[in-house]
Amino acid sequence: MQITVTVNGESRSGDVEPRLLLVDWLRNSLGLTGTHVGCDTTGCGACTVLLDGKPVKSCTVFAVQANGMTVETVEGLKSNGQLHPIQAGFKENHGLQCGFCTPGMMLVGKALLEDNPNPSESEVRWAISGNLCRCTGYTNIVKSIQWAGQQLQSAGDQS
Ligand code: FES
Ligand code: FES
């Protein structure tokens, strides 16, 4: 089937088998390997991308289901050579160790902050509850997302 998806702001088309998973299209056809595969069974969240702005586990979505939609991956976060505040947040707050969970955590965090720019610790923990991290103990991931929210808010206050 022919699909056209706006990926990180660019229109990308492909001829895909209906059974092809979105994560495999992103990684193997588009070369966007920042989207990781941990479990392949909806359990870990490493494959999380934003589909029309909402976090989805791309190992559980067929590529054909994204036809006509927008997808954002971790590669789309940076703009004009500048880290997105959510990326800067993880850097500043030691929000990662091995980094395997990090793209998914950052995309979930970005989506959360768009709905709720000033989340409490428990709201962040709820938002990332579908994403597993085997390294950090989560505390610094929570801090990273809250730090990004503060940055986005102060940027908004100045504009
Ligand atoms: S690889 Fe998709 S949820 Fe684990
Ligand atoms: S930083 Fe290693 S799994 Fe989260």
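D40 is partly exposed, with a relative accessible area of 42%; buried means under 20% relative accessible area, exposed over 50%, and partly exposed in between (1.4 Å probe, protein chains only). The model is a predicted one, in which local features need pLDDT of at least 70, side-chain atom pairs count only at pLDDT 80 or more, and totals for chains, interfaces and linings use all residues. Residues are numbered from 1 along each chain as its sequence is written, chains are lettered from A and ligands numbered from 1 in the order in which they are written, and side-chain values use heavy atoms, with hydrogens and water left out.

**Positive phi in loops**

D40 lies in the loop between α1 and β3; helices (H or I, at least four residues) and strands (E, at least two) are DSSP runs, numbered from the N terminus. Most residues other than glycine have a negative phi. The table lists two residues that depart from this sign.

| Residue | Phi | Loop | Relative accessible area |
|---|---|---|---|
| D40 | about 70° | between α1 and β3 | 42% |
| Y138 | near 75° | between α4 (121-127) and α5 (139-158) | 23% |

Y138 is likewise partly exposed. G31, which follows α1, also has a positive phi, near 75°.

**Helix α1**

Helix α1 (residues 22-29) has L22, V23, W25 and L26 as its buried residues. Seen down the helix axis, these residues fall within an arc of 165°, so they line one face of α1; the arc is that of the directions from the helix axis to the C-beta atoms. Their cover includes β1 (2-7), β2 (10-15), β3 (48-51) and β5 (70-72).

**Strand β1 and its partners**

In β1, I3, V5 and V7 point to one face and are buried, while Q2, T4 and T6 point to the other and are not. β1 pairs with β2 in the antiparallel sense over six bridges, pairing being assigned if DSSP finds at least two bridges between two strands. Two residues stand between the strands of this hairpin, in which N8 takes a positive phi near 50°. β1 and β5 run parallel and are joined by two bridges. T6 has S11 as its bridge partner in β2 and T70 as its bridge partner in β5.

**T48 in strand β3**

T48 belongs to strand β3 and is buried, with a relative accessible area of 3%. Its side chain reaches the backbone oxygen of G45 at 2.6 Å. A polar contact of 3.4 Å also joins the side chains of T48 and N131 (a pair of N or O atoms within 3.5 Å; within protein, one must be able to donate a hydrogen and the other to accept it, and residues adjacent in sequence count only if both atoms are side-chain atoms). Leaving aside neighbours within four places in sequence, T48 is in contact (heavy atoms within 4.5 Å) with P55, V56, K57, G104, L107, V108 and N131.
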